Amino acid sequence: MIEFWNDRFAEPGFAYGRQPNAFFAERLGAVGVGRVLLPAEGEGRNAVWAASRGWSVTAFDLSHVARDKALEFADGAGVDIDYRLASLTDPWPEGPGVFDVVGLVFVHVPSALRPLIHRAALLACRPGGRVILQGFTPRQLETGRGGPKDPDMLYTADDLREDFAGGEILHLEERLVELTEGRYHQGQSAVVEAEILRPDSSLRE
Ligand SMILES: C[S@@+](CC[C@H](N)C(=O)[O-])C[C@H]1O[C@@H](n2cnc3c(N)ncnc32)[C@H](O)[C@@H]1O
């Protein structure tokens, strides 16, 4: 797994481009700046964009190649990001209840792990904070385009409704969108988009 990602990110250029994911950028741009956490952030396109707009950015990924590229990218863009080398299954940075936004952009794990990762994302938000997510649905396999080829790594709006139980769903939609993200995310793609609020009331940690 680590070798797969290190090899991909060792290729020339940016696998998913230098521009942020459009859904993430649109939704993040609609809330006031604060602290954002970007798990599995790859080469840093979302992190650098958020930092350049005044967000305090913490990111992590298991690929050291991705991390090195992201830090160089941030340096070139004249912004600071806190980018750690860590797995989604490690304890998440800063502990629970800290971030205004957690951005999950094409974060795909086996289905047995997925609810735990999504729960961790919601708990990493401060009360009143939110998760902004875009990922591929199983319909993406029909397009033959980017994303995991293993159906077990893909998810639907119904999956997210269950994973984020206890959160307040502000937006949840499966859509076909035109992706223009580097070499690997191109063309009409089947995604699910979500924005989920961590309520003020207590959510068990
Ligand atoms: C499709 S890329 C998306 C990268 C980034 N979120 C973006 O949108 O550009 C998936 C990322 O997940 C990372 N990843 C996969 N499994 C992981 C794990 N268990 N822990 C941390 N990162 C992981 C990979 O290294 C890769 O950077």
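1. Let's start at the ligand. One of its oxygen atoms has a polar side-chain atom of Asp 61 at 2.6 Å. Keep in mind that this is a predicted model, so that distance, like the others below, is computed from predicted coordinates. Two backbone contacts go with the Asp 61 one: a polar backbone atom of Leu 88 is 2.8 Å from a nitrogen atom of the ligand, and a polar backbone atom of Leu 62 is 3.4 Å from a ligand nitrogen.

2. How much of the ligand's accessible area does the protein cover? On its own the ligand has 590 Å² of accessible area, and the protein covers 93% of that. As for location, the ligand sits in the largest pocket. Two elements give two or more residues to the shell around the ligand, namely helix H1 (2-10) and helix H3 (45-52). There are 16 residues around the ligand, and the ones that come nearest are Ala 40, Arg 45, Asp 61, Leu 88 and Val 105.

3. Ala 40 deserves a second look for its backbone. Its phi is near 55°, a positive value in a residue other than glycine. Most residues other than glycine have a negative phi, so this is a spot to check by eye when you have the model open. Ala 40 is in the loop between S1 and H3, and with a relative accessible area of 26% it is partly exposed. Remember that Ala 40 is also among the residues that come nearest to the ligand.

4. Glu 94 is another residue with a positive phi, about 75°, although it is not a glycine. Glu 94 is found in the loop between S3 and S4. Its relative accessible area is 39%, so it counts as partly exposed.

5. Glu 94 also has a charged partner. It forms a salt bridge with Arg 35, and the closest N and O atoms are 3.7 Å apart. The pair links distant parts of the chain: Arg 35 is in strand S1 (residues 35-39), and Glu 94, in its loop, is 59 residues away. Arg 35 is partly exposed too, because its relative accessible area is 30%.

6. How many salt bridges are there in total? The count comes to 13. In general, side chains of opposite charge can pair when their charged atoms come close. One of the pairs is Glu 195 with Arg 27, where N and O are 2.9 Å apart. Those two come from distant parts of the chain, with Glu 195 in strand S7 (residues 185-197), Arg 27 in helix H2 (residues 22-29), and their positions 168 residues apart. Is Glu 195 buried or exposed? It counts as buried, because its relative accessibility is 4%.

7. The Glu 195 and Arg 27 pair has company. Glu 26, Arg 27, Arg 130 and Glu 195 are linked in a network of salt bridges. If you are looking at the Arg 27 end in helix H2, show Glu 26 and Arg 130 alongside it to see the whole network.

8. Strand S7 takes part in another salt bridge as well. Arg 175 pairs with Glu 193, and their closest N and O atoms are 3.0 Å apart. Arg 175 lies in strand S6 (residues 168-181) and Glu 193 in strand S7, so the pair ties together parts that are 18 residues apart in sequence. The two ends have unlike surroundings: Glu 193 is buried, at 2% relative accessible area, whereas Arg 175 is partly exposed, at 35%.

9. Just past that strand, Arg 198 is in the segment after S7. Arg 198 is buried, with a relative accessible area of 4%. What does its side chain have for a polar neighbour? A polar atom of the Arg 198 side chain lies 2.9 Å from the backbone oxygen of Cys 125.

10. Last point, on a histidine. His 118 lies in helix H5 (residues 114-124). With a relative accessibility of 2%, His 118 counts as buried. Its side chain is joined to the side chain of Asp 163 by a polar contact of 2.8 Å.

How values were computed
Residues are numbered from 1 along each chain as its sequence is written. This is a predicted model: local features need pLDDT of at least 70, side-chain atom pairs count only at pLDDT 80 or more; totals for chains, interfaces and linings use all residues. Side-chain values use heavy atoms; hydrogens and water are left out. A salt bridge is a side-chain nitrogen of Lys or Arg within 4 Å of a carboxyl oxygen of Asp or Glu. Helices (H or I, at least four residues) and strands (E, at least two) are DSSP runs, numbered from the N terminus. Buried means under 20% relative accessible area, exposed over 50%, partly exposed in between (1.4 Å probe, protein chains only). A residue is near a molecule or strand if one of its heavy atoms lies within 4 Å of it. A polar contact is a pair of N or O atoms within 3.5 Å; within protein, one must be able to donate a hydrogen and the other to accept it, and residues adjacent in sequence count only if both atoms are side-chain atoms. Accessible areas come from the Shrake-Rupley method with a 1.4 Å probe; for residues, only the protein chains shown count as cover. On a 1 Å grid over the protein atoms alone, a cavity is a set of points where a 1.4 Å probe fits but cannot get out, and a pocket is an open set with protein on both sides within 12 Å along at least five of seven lines; lining residues have an atom within 4 Å of a point. A molecule sits in a cavity or pocket if more than half of its atoms lie within 2 Å of its grid points.
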